[in-house]
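Hi everyone, thanks for squeezing me in. I'd like to walk you through one model today, so have a look at it while I talk.

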Amino acid sequence: MGMSVIIAAATEQDAEKILKLQYLCYQSEAELYGDYSIEPLTEPLDSVKAELAGGTVLVARLGEEVVAAVRGSVDADGTARIGKLVVHPRMQRHGLGGRLLIAVEAKLGATGAAKRFQLFSGHRSEHNLRLYRKHGYVPVDKRRVDDRLTLVTLAKDAEAGAYATSA
């Protein structure tokens, strides 16, 4: 009998698992851009713990293993910023990233404070960009970081009442 993937709020005990998963998942991004000094690969554990304490962090579990994670927060102006959506390489291309994106939108939108959702990706990260477009995000800004990387910011409006359930 197979196990189901369960999406839930992350706990403090998940911090190290999230950081290790993030490190694993961002290797391909670092290779794609030729830069292994990107923030997700250098983020300290204390930073993850701070987000767990003050933000919205969801994980997907397969049994006891954390196989995916995402973080988000809502700014004072109503922008829900979603970041560091990671899915274990062996679990990719099965819809888990989309499920986690929907879950974090629901969680961030549940209070009604979120007027729009926003996230970003590198310009060469076509799988990520395709996932975001599939879920209604559209490019709203591009910012060249250096010769190798242009960040693409994508956004969509939060639909009133569409996120009344929580993950």
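I'll go through a helix, a cavity, a pair of rings and a few single residues.

Before anything else, keep in mind that this is a predicted model.

Okay, let's start with helix 5, residues 96-109. How far apart are its end C-alpha atoms? They're 20 Å apart, and that agrees with what you'd expect, because 14 residues at 1.5 Å a residue should span 20 Å. If you try this yourself, remember that the expected span uses one less than the number of residues.

Now, is helix 5 mostly covered or mostly open? Mostly covered: eleven of its 14 residues are buried. Among them are several leucines, namely Leu-96, Leu-100, Leu-101 and Leu-108. The buried set also has glycines, Gly-97, Gly-98 and Gly-109, and even a glutamate, Glu-105.

Let's take the loop that leads into this helix. Arg-93 sits there, between strand 4 and helix 5. Its phi is positive, about 70°, although Arg-93 is not a glycine. Is Arg-93 buried or exposed? Its relative accessible area is 59%, and the cut-off for exposed is over 50%, so Arg-93 is exposed.

There's another residue with a positive phi, and that one is Lys-84, with a value near 50°. Lys-84 isn't a glycine either. Lys-84 lies in strand 4. Here the relative accessible area is 17%, so Lys-84 counts as buried, the cut-off being under 20%.

Lys-84 also takes us to the next topic, as it helps line the largest cavity. How many cavities of 30 Å³ or more are there? The count comes to one, and the largest cavity holds about 30 Å³ of space. Besides Lys-84, its lining has Ile-18, Gln-22, Ala-69, Val-70, Arg-71 and Val-86. Helix 1 (15-25), strand 3 (65-74) and strand 4 (79-87) each give two or more residues to that lining. Which element gives the most? Strand 3, with three residues. By character, the lining residues divide into four nonpolar, one polar and two charged.

Next, the rings. The model has one aromatic pair. The partners are Tyr-132 and Tyr-137, with ring centres 6.3 Å apart and planes at 65°, so the pair is edge-to-face. The cut-off there is an angle over 60 degrees. Both tyrosines are buried.

Tyr-132 shows up again when we turn to Ser-121, since Ser-121 touches Tyr-132. Ser-121 belongs to strand 5, residues 116-122. Which other residues does Ser-121 touch, leaving out those up to four places away in sequence? They are Asn-128, Leu-129, Thr-150, Leu-151 and Val-152. At 6% relative accessibility, Ser-121 counts as buried.

Last stop: Glu-159, in the segment after strand 7 (150-157). With 54% relative accessibility, Glu-159 counts as exposed. And how far is its C-alpha atom from that of Gly-97? The two are separated by 20 Å, and they sit 62 residues apart along the chain. Gly-97 is one of the buried residues of helix 5, so that's us back at the helix we started with.

That's my tour, so feel free to spin the model around and ask me things.

Key
Residues numbered from 1 in each chain as written. Predicted model: local features only at pLDDT ≥ 70, side-chain atom pairs only at ≥ 80, totals over all residues. Heavy atoms only, no water. Helix = DSSP H or I, 4+ residues; strand = E, 2+ residues; numbered from the N terminus. Buried < 20%, exposed > 50% of the residue type's maximum accessible area, 1.4 Å probe, protein only. Contact = heavy atoms within 4.5 Å. Phe/Tyr/Trp six-rings, centres within 6.5 Å; stacked < 30°, edge-to-face > 60°. 1 Å grid on protein atoms, 1.4 Å probe; cavity = no way out; pocket = protein on both sides within 12 Å on 5 of 7 lines; lining within 4 Å. Points joined across faces, edges and corners; volume = space filled by probe spheres on them. Nonpolar A, V, L, I, M, F, W, Y, C, P; charged D, E, K, R; others polar.
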